[in-house]
Amino acid sequence: MPANYLVRRHSSTSSSDPVSTPPSTTPSSPRSETTTSYTPVKMAPPQSALDFLDFVNASPTPYHAVANSADMFDAAGFTRIQERDDWSATVKPGGKYYLTRNASSIVAFAVGARWKPGNPIGMVGAHTDSPCLRVKPVSKRSANGYLQVGVETYGGGIWHSWFDRDLSVAGRVLVREGEGNFVQKLVKVDKPILRIPTLAIHLHRQSNFDPNKEDELLPIAGLAEAELNKKAEPEAAPAPASAEAEDADFQPLRALPERHHPAFLALIAEHLGVEVGQIVDFELVLYDTQKSCLGGLRDELIFSPRLDNLNSTFCAVRGLIASVDSFSLDADATIRLVACFDHEEIGSLSAHGADSNLLPAILRRLSVIPASTGSSVEPTTTAFEQTLATSFLLSADMAHAVHPNYAAKYERNHTPAINGGPVIKINANQRYATNSPGIVLLQEVARAQRVPLQLFVVKNDSPCGSTIGPMLSAKLGVRTLDMGNPQLSMHSIRETGGSQDVESAIRLFEGFLGKFGELEARILVD
């Protein structure tokens with residue numbers, strides 16, 4: 001695990017096995033009643049759960065999640081490649097590689113040493129984005145003495161959960177360097193600078209809370225007193241400029257200090273270590289500065305932002321790395337692949353979403369990778385179609401754990417439990433792409449890896465969400481199963497999951513990717 005985000009450990013955990021202390025009775029006097037005291041039994045959460053906390057705390061945006069995933073692949077010996085390059089001299093059987101698109105989607109794969117063109121590819125798909133508030137292109141707002149920052153809703157968030165939280169900003173910034181060069185830099189302001197205050201109950205007696213997303217979901221960034229009280233000073237008349245100077249100074253868009261508060265820009269520049277004038281543009285989102293942590297009486301829970309879907313992203317990345325360690329590539333005739341896409345929360349229809357050409361283009365290139373040196377097998381014109389017909393995708397997105405206060409909202413025989421293992425998601429109307437051959441395959445993997453599984457369907461009178469599984473299944477014709485770890489408060493700024501489920505998902509992905517070549521040939525359905 002890269003050292004850049006492994007910055008702390010929880011004092012509540014111990015490397016030793018948890019020990020249950022029996023009740024003790026100590027009468028204070030012969031006539032006193034017996035007093036019983038209990039020492040809570042601690043669950044030692046897996047190290048992977050602690051590592052996940054570090055990962056999600058360091059990943060407030062898809063750009064950070066991809067950068068931190070890339071760090072894990074670098075540490076595991078994967079080679080970074082680029083889509084724009086010719087892979088024929090680079091990607092070889094027995095090798096491990098990864099690439100990014102838009103710095104917000106990442107695809108990694110390990111090629112079995114016995115790979116042949118047209119062979120199967122075992123895949124795990126996830127997404128890197130979460131519902132959030134995004135800083136508008138013109139964010140400079142003020143009202144009644146307050147500086148405000150205009151924001152735009154991204155995805156289907158539970159927006160009332162963003163009120164009264166200590167918020168900050170993170171994202172990517174395009175910076176001018178040298179002679180006309182523009183580079184991307186990631187920024188994460190590690191202190192609260194924004195807040196969306198609720199209206200006092202004395203002024204709002206309604207029992208429901210459904211804020212207007214344009215006018216009432218507007219964070220304050222400070223007080224405008226200094227600006228409001230500043231005396232107007234006459235501006236000097238500008239000196240006449242030559243035609244050449246006017247052309248050089250022409251700006252197609254309004255200058256950034258006119259579109260955003262200068263103090264806001266200065267803070268971003270300070271955290272980047274650049275001058276404000278070097279900032280050309282940015283894509284910034286708001287995030288909650290309260291860190292992800294363990295919770296529950298026995299550390300069995302995770303309280304965290306962005307469980308949906310950084311939990312699946314982290315587990316997929318770690319699962320691929322673990323599969324290479326546990327199941328040698330030397331005897332593998334398949335390719336093991338993980339793809340984590342941006343923009344799932346808004347439909348995936350973008351150049352770097354799951355509904356783009358990203359995965360199809362990569363699979364086409366991988367399907368014709370020549371076999372190892374000395375093999376007489378050459379790619380055929382149907383290698384791509386052959387690969388798709390024998391490949392399999394696990395679409396990994398979080399699932400709904402049963403809510404104890406709203407149990408009637410769940411189908412009575414399908415109530416997934418936190419720390420009960422990954423959930424297979426099924427829908428007869430194909431909002432999920434799961435079918436019985438896929439369930440058989442995953443069940444065989446889970447049996448070998450000793451990972452419990454759960455099943456979930458929605459009630460007939462309830463709407464059903466969806467994810468990248470159905471769209472990729474339809475686009476590629478690849479057998480697909482939708483699954484994910486159970487959680488509560490999905491799409492809230494603060495969600496709840498299970499510390500044991502992190503390890504379960506990693507082991508499941510590890511086994512699926514490592515054993516897929518062996519199991520694929522045993523489950524034949526044409």
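**Exercise 1.** In this predicted model, decide whether Gln487 is buried or exposed.

*Solution.* Start with the relative accessible area of Gln487, which is 1%. Buried means under 20%. Gln487 is therefore buried.

**Exercise 2.** Place Gln487 in the fold and state which residues Gln487 is in contact with, leaving aside neighbours within four places in sequence.

*Solution.* First, find the element: Gln487 belongs to strand β21, residues 486-487. Next, list the contacts, which are Leu307, Asp308, Met398, Ala399, His400, Ala401, Glu495, Thr496 and Gly497. Finally, look at the side chains: those of Gln487 and Glu495 are joined by a polar contact of 3.5 Å.

**Exercise 3.** Give the strand order of the open sheet of nine strands and name its edge strands.

*Solution.* The order is β3-β4-β5-β15-β6-β16-β20-β18-β19, and the pairing is mixed. The edge strands, each pairing on one side only, are β3 (79-80) and β19 (454-456). Two helices can then be added. Helix α2 (residues 62-75) packs on the sheet and touches β3, β4 and β5, with its direction at about 20° to that of β5. Helix α12 (residues 499-520) also packs on the sheet. Helix α12 touches β6, β15, β16 (392-396) and β20, and its direction makes about 150° with that of β6.

**Exercise 4.** Find how many of the ten residues of helix α8 are buried, and what they pack against.

*Solution.* Helix α8 spans residues 358-367, and seven of its ten residues are buried. These are Leu358, Leu359, Pro360, Ile362, Leu363, Leu366 and Ser367. They pack against strands β4, β5, β6 and β15, and against helices α9 (383-390) and α11 (468-476).

Notes:
Residues are numbered from 1 along each chain as its sequence is written. This is a predicted model: local features need pLDDT of at least 70, side-chain atom pairs count only at pLDDT 80 or more; totals for chains, interfaces and linings use all residues. Side-chain values use heavy atoms; hydrogens and water are left out. Buried means under 20% relative accessible area, exposed over 50%, partly exposed in between (1.4 Å probe, protein chains only). Helices (H or I, at least four residues) and strands (E, at least two) are DSSP runs, numbered from the N terminus. Contact means heavy atoms within 4.5 Å. Two strands pair if DSSP finds at least two bridges between them. Axes are lines fitted to C-alpha atoms, for helices over the stretch in contact, and angles run from 0 to 180 degrees between N-to-C directions. A polar contact is a pair of N or O atoms within 3.5 Å; within protein, one must be able to donate a hydrogen and the other to accept it, and residues adjacent in sequence count only if both atoms are side-chain atoms.
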